Amino acid sequence: MAAGELVGIGVGPGDPDLLTVKAVKAIRAADTIMCPASAEDRPSIALSVAAPVMDGSAGQEIVKLVFPMTKDRGALEAAWERNAEAMAAKVAEGRRVAYLTVGDPHLYSTWIYMQRHIRRSHPGMAVSAIPGIVSAFTFAAKVGVSIAEGAEKVAIIPSCYDLSSVEELARRAESLVFLKDGRYFDQVIGLLRRSGFPDDSVFAVGQDLGTDAEVVRRMTLGEAADGRSLATKYFSILVVKRA
Ligand SMILES: C[S@@+](CC[C@H](N)C(=O)[O-])C[C@H]1O[C@@H](n2cnc3c(N)ncnc32)[C@H](O)[C@@H]1O
């Protein structure tokens with residue numbers, strides 16, 4: 001990293017061993033590490049993933065940026081802009097700034113909005129990103145399910161929003177990957193069955209991957225329909241694969 005540079009770093013899904021070599025080098029080279037949290041008194045998951053590789057260099061500053069857990073667009077935009085400006089101010093001081101984000105920076109990450117704002121408001125500022133391992137691919141490796149093969153099509157669906165398009169997507173894709181909040185996964189079962197997804201399709205749920213609380217369950221769509229609550233947390237993934 002060079003002085004006066006901002007790098008968005010994907011730290012992967014939770015296991016520090018899944019940080020890339022490039023991510024580790026950039027984290028160690030940074031003067032300022034910035035990381036997201038849902039409130040000032042809440043831990044940053046991205047920071048906890050990177051912590052084991054941080055060598056505690058003297059003078060390395062750690063700054064938590066607060067993003068409220070809300071769907072209110074105005075509140076979100078205000079947080080993206082405020083936090084983007086906080087990062088830009090550090091870069092303008094000549095610091096090497098690393099912004100940590102879970103998984104990959106270009107999939108459902110606060111990084112997307114902040115780098116967009118900075119590129120618009122501070123043209124010429126050195127901004128780049130280091131990809132990270134996407135949570136869904138880590139999960140695929142754990143449960144031994146291919147995300148796609150041959151001519152298959154994949155849909156990635158954020159579960160905490162309107163799920164009304166799931167039936168239509170399920171008719172067109174062989175694999176469906178649901179992210180963003182396992183508390184909605186129960187609702188998906190009926191939609192998939194109505195779309196004609198066979199009951200012997202793979203239905204795999206992961207929660208808190210890469211942590212001590214990790215849950216990994218692989219069943220069929222028919223087995224999932226027995227009414228059990230599948231996942232209880234935001235940090236959950238569901239992969240469904242047509243039989
Ligand atoms: C805001 S999105 C971030 C996605 C991330 N950028 C990626 O590439 O995986 C957060 C969602 O990612 C998924 N996720 C990320 N890390 C996870 C983990 N360690 N265990 C389970 N789900 C995870 C969950 O679906 C969670 O709701």
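Two strands count as paired here if DSSP finds at least two bridges between them. By that yardstick, in this predicted model, S2 and strand S4 (residues 96-101) pair up in the parallel sense, with three bridges. Thr32 sits opposite Val97 in S4. S2 also pairs with strand S3 (residues 61-66), again in the parallel sense, this time over six bridges, and here Pro36 faces Leu65 in S3. As for exposure, strand S2 (residues 32-37) is mostly tucked away, with five of its six residues buried.

Stepping back to the overall layout, the protein splits into domain 1 (5-130) and domain 2 (135-241). Their C-alpha centres are 28 Å apart. Where the two domains touch, domain 1 puts in six residues and domain 2 puts in eight residues. On the domain 1 side of that contact, the residues break down into three nonpolar, two polar and one charged.

Then there is the ligand. It is surrounded by 22 residues, and the closest are Gly14, Gly103, Ser135, Leu179 and Leu209. Sorted by class, the shell around the ligand comes out as 10 nonpolar, eight polar and four charged residues. Strand S8 (202-207) and strand S10 (236-241) each chip in at least two residues of this shell. Where does the ligand lie relative to domain 1 and domain 2? Both domain 1 (5-130) and domain 2 (135-241) give residues to the shell, so the ligand lies between them.

Definitions and conventions. Residues numbered from 1 in each chain as written. Predicted model: local features only at pLDDT ≥ 70, side-chain atom pairs only at ≥ 80, totals over all residues. Near = placed C-beta within 6 Å. Helix = DSSP H or I, 4+ residues; strand = E, 2+ residues; numbered from the N terminus. Nonpolar A, V, L, I, M, F, W, Y, C, P; charged D, E, K, R; others polar. Domains from an automatic or database assignment. Contact = placed C-beta atoms within 7 Å. Buried ≥ 20, exposed ≤ 12 C-beta atoms within 10 Å, placed from the backbone.
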